[in-house]
Amino acid sequence: MRIRRTRSVVVSASMALLFSATAVVPAVAQSKPAGSVLSAGRELTVLTDLFAERLLVADKVAAAKYGTDRPIDDPARERKILDDVADRAVGLGLDPDAVVAVFGDQIEANKVVQRGLYARWDAHPDERPTHRPDLDKDIRPALDRITTQLLGTLAATEGVRSSRSCEVRLYGAAARSAYGHELDVLHLKGLGRALPSACASENARNEQA
């Protein structure tokens, strides 16, 4: 019964997100063929899939830290990650400030999931993890792999992310990723937090216009 209820929540929330995003697609389609809009949306799904994958790794991060003196907030580690992606962004021809904003959102999104899991485990001790993953040996290599993939995908989708229709496409892509990864309500909340900086700023779009 619990599995069916969880699946129902995933389907309902994901479809609600998808419909709210695609409700304005016809306006976009007036200026571009529908096939072009769909193709761009699918392209962004690669990006939102990586956002979702990173969020799922947050479960392991939480399991590694819960009940220890390692805090959810780790400013030194976060600064190291952001400095690293800023440096790598330059080599990919990306705006380092924009890339830092995207990764800052990913870090905050992961914290949303970690805090939610802490609250759940505090309230329901029987749901606490029984295995503590190794943060340095097991989890960070996975996060580093996703970081590399995210940087490459940000470069590959730069044109789509700078378009005026990016936001509607992005939320449609996020809905597909949420459904595909069977995200629950907590992880959907995290995915929403991961999205704000993925589309280029209004200034960047004006410069390209």
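How many disulfides does the structure hold? Just one, and we'll get to it after a look at the whole chain. Keep in mind as you click around that this is a predicted model.

**The whole protein**

Start with everything shown as a cartoon. You should count ten helices and zero strands, so colouring by element from the N terminus on simply gives α-α-α-α-α-α-α-α-α-α, going by the DSSP runs that define helices and strands here. Now switch on the surface: the accessible area comes to about 11000 Å², and carbon and sulfur atoms own 55% of that. Of the 209 residues, 42% count as buried. If you like contact maps, take the contacts with a separation of 6 or more: 87% of them are between residues 24 or more positions apart.

**The disulfide**

Next, select Cys 166 and Cys 199 and show them as sticks. Their sulfurs sit 2.0 Å apart, S to S, and a disulfide joins the two residues. The pair links distant parts of the chain, 33 residues apart. Cys 166 belongs to helix α8 (residues 166–180), while Cys 199 lies in the loop between α9 (185–194) and α10 (202–208). Look along the S-S bond and check the dihedral: at -85°, the link of Cys 166 and Cys 199 is left-handed. Is Cys 166 buried or exposed? Turn the surface back on: Cys 166 is buried, and Cys 199 is too.

**Helix α5**

Now pick residues 96–123, which make up helix α5. Put a distance on its end C-alpha atoms and you'll get 41 Å. Does that number make sense, and why? It agrees with expectation, because 28 residues at 1.5 Å a residue should span 40 Å. While you're here, zoom in on the start of α5, where a side-chain oxygen of Asp 95 comes to within 3.0 Å of the backbone nitrogen of Asp 97.

**Lys 65**

Last stop: select Lys 65, which you'll find in helix α3 (residues 34–65). Is this lysine buried or exposed? Lys 65 counts as buried because its relative accessible area is 7%, and the cut-off is under 20%.

To see what surrounds Lys 65, leave out residues up to four places away in sequence and show what it touches: Arg 70, Pro 71, Ile 72, Gln 114, Tyr 118, Arg 132 and Leu 135. Finish by drawing a line from Lys 65 to Gln 114: these two are 49 residues apart along the chain, and their C-alpha atoms are separated by 9.2 Å.

Methods. Residues are numbered from 1 along each chain as its sequence is written. This is a predicted model: local features need pLDDT of at least 70, side-chain atom pairs count only at pLDDT 80 or more; totals for chains, interfaces and linings use all residues. Side-chain values use heavy atoms; hydrogens and water are left out. A disulfide is a pair of cysteine sulfur atoms within 2.5 Å. Helices (H or I, at least four residues) and strands (E, at least two) are DSSP runs, numbered from the N terminus. Buried means under 20% relative accessible area, exposed over 50%, partly exposed in between (1.4 Å probe, protein chains only). The expected span of a helix is 1.5 Å times one less than its number of residues. A polar contact is a pair of N or O atoms within 3.5 Å; within protein, one must be able to donate a hydrogen and the other to accept it, and residues adjacent in sequence count only if both atoms are side-chain atoms. Contact means heavy atoms within 4.5 Å. Accessible areas come from the Shrake-Rupley method with a 1.4 Å probe; for residues, only the protein chains shown count as cover.
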